[in-house]
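User: I have this model open and would like a close look at one part of it. Could you also show me how the rest of the chain looks around that part?

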Amino acid sequence: MVAAVLLGLWIVGLTVVTQLGGWLTDQLLLLVGVDRLVWLWPVTTVAVVVVAGVPTLLLALLPRSRVVRTVGQLWLVGLLVFGALSLPRALPPVQHEAYLATLAGTAGLAALVIHRLVTHRIAPTGPEDEPDRRRRRAPRPAPVTLLGLASGLALLLPWVWVGALGGLLETLLAALAAAAVGGLAAALLPAAFWSRRSTNTPSRPGRLVLVDGLVAGVVLLLLGAGVGQSGAQLPLLLTLPPAGFALAALAAAARRTATGVGPATAGLVGLSVFGPLAWADPEEVSLVLAAARDVPFWVAVAAGAGGTVAVLLALGYGVALVRRPGARPSRTVAGTAAATLLVATGAVAVGPGQPGLHGERLFVVLREQADLSDVPAATGRAGRDRRAAEVYRRLVETAERTQADLRRELRRFRLDHTPYYLVNAIEVDGGPLARAWLADRPEVDRVLVSQRVRPLPAPAPIARGDAAPPPGAEWNIRLIRADRVWSELGITGTGVTVGSSDSGVDGTHPGLAAGFRGGDDSWFDPWNATSAPRDRGGHGTHTLGSAVGREGAGVAPGATWTGCVNLDRNLGNPALYLDCLQFMLAPFPTGGDPFRDGRPHRAPEILTNSWGCPALEGCDSAALQPAVAALAAAGILVVVAAGNTGPRCRSIEDSPAFHPDVLTVGAVDRQRRVADFSARGPGPGGAAKPDLVAPGTDVLSALPGGGYGALSGTSMATPQVAGVAALMWSANPALIGDLPRTRQILTETATAVRVSGDRCGDEAHVAGAGLVDAYAAVRAARG
């Protein structure tokens, strides 16, 4: 008995640590930009099964007590089931439908095998089970079954409240997988197990519930650990083990034959599993979204609520059903409870919950992209406007011509879609079947999965700054000598507009309000359709403040700005990034059509982009390349953050940072040392990146609410280079649109920095040309 208790603790501890550790490993690899380790979960699973399985096998064979051997046999089967269910995690998270289908098949097959080959060995049936068989043929469900369903609905309710469903096929497969896992739980803990234990100890139901609850809790922990992609299984580690005590109480109340406990187990476990499988996207249970009250926060809320409900159910059933040996659950009470919770679940789903389907979309890239190779390279303000107009005309014409047949077919099949022209592509609301059909069409080059973040029950709180405005030019401004450009050369960026695509902009901030260009075509929010500049996350306000903010924080305080929201919740997709990039090429009025109402003459001259589109969001290496190439052809300078995945070499790997048409920026600290987090080159194919570095550690800038705050990252460095370009073009308007000459001046006037650690084959792959020097660049631009 002591050995069984110690082994149970060992299994629980090992399982919890490895599941949490595996998820954290996945997340850390994601944050540093390393490819997912496909072998991680299979190897972890085999290790757990072997390390826990050897002592469990000994427990199943050696003890004299048949009861203890039965426990060992049950846990051994549970470990094997855990191993079988965990192996499908080798499938990429983006293929969630395939994973759910595999999980359903694996769980169903395991349930069938256990039911036919193992159950009678764990707890052989006897004559006392014959009445149970007769009763199971009765048309009315047993009270215990109804109470099990009620318990499952109570555990499902928090997920219905805080979560949101994915696509139709994804939801149906999640329901099928949950049903299969519920059936597997019933096979692992059959009626014969409960009834034989009740028969042996009829006079001590409390002790029976405690012992059997512990045994069942370990089994359910192993079952939950194997269900769901990386991250989705973590809530089940909290909610399923206490449910074992609730099931033990129901079995004790059902007395010797445990009538209805099998369906009760299937219902309780199946509904518990259905919550995280259907109402949470495993790709969103991520540290990428952990900075605010996003999906990880609400998953933790649902898991905590579920765990609390499971404990209360165990205590409540234990007190109400086991305290009196002769107590019988009432069919009326059980039926009323199940019906009430069913109605409540439906009411929450259509009321406080997030109704509807919110599955991933498809990003369909067409083969033919617009030919912009012979667009005249005119410079100056008028020349740039002519270039932008010609690029816009060619892009729209190519998209309209090549997308016509496909759009017609999409309308015929009633598939919601959004066309794009900056990249000749269409975003389509469809699942795997639509993807297969689209990929087979002759005009389609490839089909990517476009990540779509599911809605939240409540918006995250606004990130506010609590620091005062700087008393003068901040350290980063002085380091790149922008303050001398203002004081000695009299240049502040007047006459130049900088466009920001980010989390948004607090348009009421004192450091930014006066710089907003205004009009009906200077703000676009494809996330929330706001009509005026706003920002909840703070990232966009901070970055734009470093580019054009006043009060000593911005490099070009005299420049104007326009804004677009492409990353409201730190997880975007190719279509959202294109929404903003198209708006920057050809701004359109609120509610306007990008294809027909674009105004390329109103395009900002310079774009600051402190974001990247990794594979997690649906981008491949070429997804945004036509977009930045088109912007460059239009004479618009695109400045992009290198990323924060350093100091690893070749860590500039997210589009658009490695494309040759953008100016890629790394980060340095106050001592002119390249920051460890600053991503390094070379880029894919040996591209020389980054191009420059700028101050990026503890940079003070604007935050929503009127205050200021310090942030670090290449995101903070990027807008300062955009601000320097704005100063250059303000000093010499003839340079506007002359991207080669602008790049040449910026790189030739850059100053040396300190590089430590691996130089990645060439110091330029760490620091580019060096630290941007605003004073030297503006003087060179003036000639």
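My question about a single residue comes next, and one connected reply follows. Where is Ser 701 found, does it count as buried or exposed, and what does its side chain reach?

Analyst: Happy to take you through it. Keep in mind that this is a predicted model, in which local features need pLDDT of at least 70 and side-chain atom pairs count only at pLDDT 80 or more, whereas totals for chains, interfaces and linings use all residues. Residues are numbered from 1 along each chain as its sequence is written, and side-chain values use heavy atoms, with hydrogens and water left out.

Ser 701 sits in strand β14, which covers residues 699–702. Helices (H or I, at least four residues) and strands (E, at least two) are DSSP runs numbered from the N terminus. Ser 701 is buried because its relative accessibility is 0%; buried means under 20% relative accessible area, exposed over 50%, and partly exposed in between, with a 1.4 Å probe and protein chains only. Its side chain reaches the backbone nitrogen of Ser 546 at 3.2 Å. That distance falls under the heading of polar contacts: pairs of N or O atoms within 3.5 Å, where within protein one must be able to donate a hydrogen and the other to accept it, and residues adjacent in sequence count only if both atoms are side-chain atoms. Once neighbours within four places in sequence are set aside, Ser 701 is in contact (heavy atoms within 4.5 Å) with Thr 541, His 542, Gly 545, Ser 546, Ala 553, Gly 707, Tyr 708 and Gly 709.

Now for the wider setting. The chain has 24 helices and 15 strands, and 58% of its 783 residues count as buried. Among contacts with a separation of 6 or more, 80% are between residues 24 or more positions apart. The C-alpha atoms fill a box of roughly 100 × 60 × 45 Å along the principal axes. The radius of gyration is 31 Å, which agrees with the value near 28 Å for a compact globule of 783 residues; it is taken over C-alpha atoms, and the globule rule is 2.2 Å times the number of residues to the power 0.38.

Two other buried polar residues make a nice companion to Ser 701. Glu 170, in helix α7 (residues 168–188), is buried because its relative accessible area is 6%. Its side chain and that of His 96 are joined by a polar contact of 2.6 Å. Sequence neighbours within four places aside, the residues in contact with Glu 170 are His 96, Glu 97, Leu 100, Gly 359 and Arg 454. Gln 233 belongs to the loop between α9 (205–225) and α10 (234–253), and with 0% relative accessibility it counts as buried. Here the side-chain partner is the side chain of Gln 19, at 2.9 Å in a polar contact. Beyond four places in sequence, Gln 233 is in contact with residues including Trp 41, Arg 89 and Val 227. The C-alpha atoms of Gln 233 and Thr 718 are 38 Å apart, with their positions 485 residues apart along the chain.

Back on the Ser 701 side of the sequence, the loop between β12 and β13 holds Ala 675, which is buried at 7% relative accessibility. Ala 675 touches Ala 667, Val 668, Arg 680 and Thr 697, residues up to four places away not being counted. The C-alpha atoms of Ala 675 and Thr 697 lie 7.6 Å apart, although the two are 22 residues apart along the chain. Pro 682 also lies in the loop between β12 and β13 (692–695), and a cis peptide bond with omega of about -5° joins Gly 681 to it. Another cis peptide bond, between Ser 655 and Pro 656, has omega of about 5°; Pro 656 is in the loop between β11 (637–641) and β12 (663–668).

The backbone has some positive phi values worth a look too. Ala 529, in the loop between β8 (523–524) and α18 (539–548), has phi near 55° and is exposed, its relative accessible area being 65%. For Asn 570, phi is near 65°; this residue lies in the loop between β9 (560–565) and α19 (574–585) and is partly exposed at 40% relative accessibility. For context, most residues other than glycine have a negative phi, and most peptide bonds are trans.
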